[in-house]
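Student: I have a structure open and would like to learn how to read it. Please take me through a few features, one at a time.

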Amino acid sequence: MTATPTVTAPSAREPARVRLRPTMQSDLDFVLSLEQDAANLPFITPWERMQHEAAIRFPDFRHFIVEGGDGLDAVGFLLLIGCRSPNHSLELKRMVVQSKGQGYGRAALRVAKKVAFDDLGAHRFWLDVRTHNTRAKALYHGEGFLVEGVLRESVRGAQGYESLVVMSMLQQEFA
């Protein structure tokens, strides 16, 4: 795999510096702790360790640790699915950042777009986001993702069934 670029993105305080590196088995305790964090649980469906282990090994997936700040410490993770899709349609399956409001999510998303379109040759990069996740929807919209539709009551959450907003970006929109 080619080296992943470092991207600086503006935030309210100061620019965030991030890079993505492939997740290793030794990172999985960190990944699982982020998924189980009470601040993140309302917005994701956590995976078991075995699912993350498979994602690290399976060639159709890219499992990355988001490293950020001056010391490039682990600040989150993200998952791409469909990296070998004959339709060149990649999914941002999950992005979880530990410290919200620092610009790491935006910077990581920018790197993920470059990986999807420039490194993996995607034609379409898509995601789904729970309807009540207004922070994430605003981020994705601000980074050029367009709403395609709503999957009504498609996931079961703590408060019952929840709907997902499907958003995407095409290669020509990225360029």
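Student: Where is Leu 72 found?

Tutor: Leu 72 is in the loop between β3 (61-68) and β4 (73-81). The labels come from DSSP runs numbered from the N terminus: helices are H or I with at least four residues, strands are E with at least two. Residue numbers start from 1 along each chain as its sequence is written. This is a predicted model, where local features need pLDDT of at least 70, side-chain atom pairs count only at pLDDT 80 or more, and totals for chains, interfaces and linings use all residues, while side-chain values use heavy atoms, with hydrogens and water left out.

Student: What is the phi of Leu 72?

Tutor: Here's the general idea: most residues other than glycine have a negative phi. Leu 72 has a positive phi, near 50°, and is not a glycine. Glu 153 is another non-glycine with a positive phi, about 40°, and its place is in strand β7 (residues 146-157).

Student: Are these residues buried or exposed, starting with Leu 72?

Tutor: Use the relative accessible area: buried is under 20%, exposed is over 50%, and partly exposed is in between (1.4 Å probe, protein chains only). Leu 72 has 10%, so it is buried. Glu 153 has 55%, so it counts as exposed.

Student: How far apart in space are Arg 17 and Glu 67?

Tutor: Their C-alpha atoms are 8.2 Å apart, with their positions 50 residues apart in sequence. Arg 17 belongs to strand β2 (residues 16-22) and is partly exposed at 35%. Now try Gln 102, in the loop between β5 and α3. Its C-alpha lies 9.7 Å from that of Gly 68, 34 residues apart along the chain. Gln 102 is partly exposed too, because its relative accessible area is 28%.

Student: What about Ala 112, where is it placed?

Tutor: Ala 112 sits in helix α3, and it's buried, with a relative accessible area of 0%. From Ala 112 to Leu 139, 27 residues apart along the chain, the C-alpha separation is 13 Å.

Student: At roughly what angle do the axes of α3 and α4 cross?

Tutor: An axis is a line fitted to C-alpha atoms, for helices over the stretch in contact, and angles run from 0 to 180 degrees between N-to-C directions. The axes of α3 and α4 come within 11 Å and cross at roughly 45°. That's why these two helices are oblique to each other: under 35 degrees is roughly parallel, over 145 roughly antiparallel, 65 to 115 roughly perpendicular, and the rest oblique.

Student: And what is the crossing angle of α1 and α2?

Tutor: Helix α1 (residues 28-36) and helix α2 (residues 49-57) have axes that come within 11 Å and cross at roughly 125°. So α1 is oblique to α2.

Student: Which element gives the most to the lining of the largest pocket?

Tutor: Strand β5 does, with six residues. On a 1 Å grid over the protein atoms alone, a pocket is an open set of points where a 1.4 Å probe fits, with protein on both sides within 12 Å along at least five of seven lines; lining residues have an atom within 4 Å of a point. At least two lining residues each come from β5 (89-97), α3 (104-119), β6 (124-130) and α4 (134-142).
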